[in-house]
Amino acid sequence: LKFSVLSSGSKGNCLYVETENVCALIDAGLSQRELTSRLKTIGRSPEDLSAVFLTHEHSDHIRGAGPFSRRYKVPLYSTAGTRYAAEEVVGNVTDWHRIGQNQKMIIGDIEIESYPTPHDAAESVAYVIHNNGRKIGHATDLGSVTPEVIENLTGSDVLLVEANHDEDLLDAGPYPWPVKRRIKSDRGHLSNRSCAKLLSTLNHEKLQKVALMHISETNNHPDIALLSARQGLKNDSAEIFLARQDRPTELVVIQ
């Protein structure tokens, strides 16, 4: 099981996952051209993809989904709510599959399970990926940590978790108050503090890596996010790193 965060942030989100015989994307929030370029950066090709799974309809998650699916004949998977809300942007895609908010899908040797997230979107989900006894837990674009989030992420070998903002930087920052209120709400985005609390709950001895996702360029700082996550995790054996907006992470192998 391998993965690379191709992009993470308000300008576009995309996660690449591969097994021995399946390659898939979670979200396609960059342009089709940029998605192709970033796949090539990690030595992969769009023609290899088996599926694109969408989390919700916000443009930084679906921008390239339609053009990418049409050009490379890659099927899309999303909830009915996401499809209804995203169709105008995504356009005509003939191979678009409906999934539930709690559904397991098996494609080749990979099992992907959706679970609901509290976010200001029509029917948003995140995903858990299983292969050969390994587990990736994905949790971005959620304003609060629900028991369902914890249940789905427990026991992950790798956690891809949102650390969107520092609460003090957000309060003092330039965003209008209605935007700040949305970000801070239970259906907004996770703060560093909430991320750290979640990591402390999920920490276990076999946890290998933690990627901090969707970090705000305006309302956060990489050093603050990393320090907060390390304090929450209290696990020196797990590597913590930042997923970036401007370039993909390396292709990470889960041992």
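1. Two strands are taken to pair if DSSP finds at least two bridges between them. With that in hand, a good place to start in this predicted model is the N-terminal hairpin. Strand S1 (residues 2-7) and strand S2 (residues 14-18) run antiparallel and are joined by five bridges. Within that pairing, Tyr16 of S2 is the residue opposite Ser4.

2. The connection between these strands deserves a glance too. Six residues lie between S1 and S2 in the hairpin, and Gly9 there adopts a positive phi near 155 degrees.

3. S1 also has a partner in strand S14 (residues 252-253): two bridges join them, and the strands run antiparallel. Here Phe3 has Val252 as its bridge partner. Of the six residues of S1, five are buried, so the rest of the structure largely encloses this strand.

4. Next, the open sheet. Seven strands make it up, in the order S7-S8-S9-S10-S11-S12-S13, with mixed pairing. Strand S7 (104-107) and strand S13 (239-242) are the edge strands; each has a single partner, so one side of each has no neighbour in the sheet. From one strand to the next, the twist averages 15 degrees.

5. For a closer view of one pairing in this sheet, try strand S9 (residues 125-131) and strand S10 (residues 134-139). They run antiparallel and are joined by four bridges. Val128 faces Gly137 of S10 across the pair.

6. Two helices that pack on the sheet are worth following. Helix H8 (residues 192-202) touches strand S11 (158-162) and strand S12 (209-213), and its direction makes about 160 degrees with that of S11. Helix H9 (residues 222-233) touches S12 and S13, and the angle between its direction and that of S13 is about 155 degrees.

7. Helix H3 (residues 65-72) is a rewarding stop for anyone interested in packing. Its buried residues include Ala65, Gly66 and Ser69, along with Phe68 and Tyr72. The buried residues of H3 pack against three strands and three helices by name: strand S3 (23-26), strand S4 (51-53), strand S5 (76-78), helix H1 (32-41), helix H2 (59-62) and helix H4 (80-90). Just after H3, Lys73 takes a positive phi of about 55 degrees.

8. How do the rings of Phe68 and Tyr72 sit, and what is the angle between the planes? The structure holds three aromatic pairs, and Phe68 with Tyr72 forms a tilted one, at 5.0 Å centre to centre with 55 degrees between the planes. The two residues are four apart in helix H3, so about one helical turn separates them. As for exposure, the cut-off for buried is under 20% relative accessible area. Phe68 therefore counts as buried at 1%, and Tyr72 does so at 14%.

9. Elsewhere, Phe53, Tyr77 and Tyr127 belong to a cluster linked by ring pairs. Phe53 falls within the range of strand S4 (51-53), and Tyr77 within that of strand S5 (76-78), while Tyr127 lies in the range of strand S9 (residues 125-131).

10. Finally, the interior space. The structure has one cavity of 30 Å³ or more, and the largest cavity holds about 80 Å³ of space. Its lining includes Ser7, Ser8, Asn13, Cys14 and Leu15, together with Ile26, Asp27 and His61. His138, Thr140, Met213 and His214 line the largest cavity as well. Looking back at the hairpin, Ser7 lies in S1 and Cys14 in S2, so to speak a link to where this note began.

Note on methods. Residues numbered from 1 in each chain as written. Predicted model: local features only at pLDDT ≥ 70, side-chain atom pairs only at ≥ 80, totals over all residues. Heavy atoms only, no water. Axes fitted to C-alpha atoms, helices over the stretch in contact; angles between N-to-C directions. Contact = heavy atoms within 4.5 Å. Buried < 20%, exposed > 50% of the residue type's maximum accessible area, 1.4 Å probe, protein only. Phe/Tyr/Trp six-rings, centres within 6.5 Å; stacked < 30°, edge-to-face > 60°. 1 Å grid on protein atoms, 1.4 Å probe; cavity = no way out; pocket = protein on both sides within 12 Å on 5 of 7 lines; lining within 4 Å. Points joined across faces, edges and corners; volume = space filled by probe spheres on them.
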